[in-house]
Amino acid sequence: MKVLVLGSGAREHAMCWSLANSPLITKLICAPGNPGIKEEAECIDLNINNNEDIISLALKEEIDLVIPGPEIPLVNGIINELNKVNIKAFGPSKEASKLEGSKKFTKEICKAANIPTANYESFTNQDHAINYIKNINTPIVIKADGLAAGKGVIIAKNKDEAILAIENLFKGIFGEAGKTVLIEEYLEGIEASYFALCDGKNAIPLTNAQDHKRVGDGDTGPNTGGMGAFSPTPNLSEKDNEHILNNIIKPTLAVMHERGTPFQGILYAGLMLTNEGPKLIEYNVRFGDPECQVILSRIKSNLFEAILAAVDHTLNNFHIRFYDEVSLTVVMATEGYPGKYKNGSIIKGISEANNIKGIKVFHAGTKIDSDQNLVSNGGRVLSVTANAESMNKARILAYSAIKNIKWDEGFYRKDIGEN
């Protein structure tokens, strides 16, 4: 089969790296891809936020299956458009993608499915939101309703911070995403991520992970797209995993099916592990990044066969196996991220890092410049991933591999996996 993966980050690099092992795939294309992905697949430059361009490429290359990596093509309805031209696609429809595209929509699904989550109110008027804040206790969580590249969540410790966040959102700091604002109860606990593979009716577990969202050591500084992750998390027991599958994931699928918007693809539950049990923070409708890197580094089963089972609605008898090893990834980012940063700094030593047993360096924001140097081309640039028999050994292995990478303008957290 000819397969097209959409995306250009470390998540898509991990996906192509895993898919490339399948004997069922005769040709693997990634659009637009990156220099690391070129080692696994043919890369074709393409604007993946344009549905017509994707359809044209898929028809030209006679693609059998399209696998979007990031959320924007899904929210844009690429699955619907591909289905119209009889091309199979892995992922939810535009309607089902609202589980990520609108946090308010997810809250409505939680209510209908009786899923534990934080109490909330939503607002489309700044003054109404500020008046509400003046009459509640802090800390609180303020969220842009729509997509904001993982940065549309503000934890306000006091009312002044909360009011400033509201004002910034309504000023358009996140564009259309902040036209509707959610003000949520602050949940105490440990965050964790749970992934399930879904075919519309059935869901099977895809293990769990835990990421580090803040830019600085000790979970300080602003939120990012993710500075590191590990899988599995020691904070979730097998009993917890079963509880999440049966009381959060499956009820969601049931309600989505009842609404006529069945969910097929990866359902990623961001959870808070509270004293009252796991509560849903939000849903994503695709693999997380950097969680994807650690999950796919542990997968023992054939990923492509699992994806086909989801697309063909035959997951009820499928089982995915994982290695017992711990996988841990450390993200290397450009100095200045998540604020302003410059592209184009030279990176060396990735081959030396990859030669270490148990290490795989996934490319995120990289490109080849006119002098044939590998250079930075984004905020998050590399995802140095280690597999080992314990968390401590995986951490030591990842950081020892980073020492081989020579990149003056790069930085990374030194405490991934420690908390």
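This report walks through a few strands, one helix and two cysteines of a predicted model.

**The parallel strands**

Let's start at the N-terminal end. Strand 1 (residues 2–7) and strand 2 (residues 27–32) run parallel and are joined by six bridges. Within this pairing, Gly7 has Pro32 of strand 2 as its bridge partner. To get from strand 1 to strand 2, the chain passes through helix 1 (residues 10–19), and the resulting β-α-β crossover is right-handed. Strand 2 also runs parallel to strand 3 (residues 42–43), with two bridges between them. Here Ile29 sits opposite Glu42 of strand 3.

**Helix 6 and its surroundings**

Further along comes helix 6 (residues 103–113), whose buried residues are Lys103, Phe105, Thr106, Lys107, Ile109, Cys110 and Ala113. What do these buried residues pack against? Their partners are helix 5 (98–101), strand 6 (120–123), strand 7 (140–144), strand 9 (181–185), helix 9 (238–258) and strand 16 (277–284). After helix 6 comes Asn114, which has a positive phi, near 60 degrees.

**The cysteines**

How many disulfides does the structure hold? The count is zero. For a disulfide, two cysteine sulfur atoms would have to lie within 2.5 Å. The table gives the nearest cysteine sulfur for two of the free cysteines.

| Cysteine | Nearest cysteine sulfur | Distance |
|---|---|---|
| Cys16 | Cys30 | 4.1 Å |
| Cys198 | Cys110 | 14 Å |

Are these two cysteines buried or exposed? Cys16 counts as buried because its relative accessibility is 0%. Cys198 is buried too, with a relative accessible area of 0%.

Terms used:
Residues are numbered from 1 along each chain as its sequence is written. This is a predicted model: local features need pLDDT of at least 70, side-chain atom pairs count only at pLDDT 80 or more; totals for chains, interfaces and linings use all residues. Side-chain values use heavy atoms; hydrogens and water are left out. Buried means under 20% relative accessible area, exposed over 50%, partly exposed in between (1.4 Å probe, protein chains only). Helices (H or I, at least four residues) and strands (E, at least two) are DSSP runs, numbered from the N terminus. Contact means heavy atoms within 4.5 Å. Two strands pair if DSSP finds at least two bridges between them. A crossover is right-handed if, with the strands pointing away from the viewer, the path from the first strand over the helix to the second runs clockwise.
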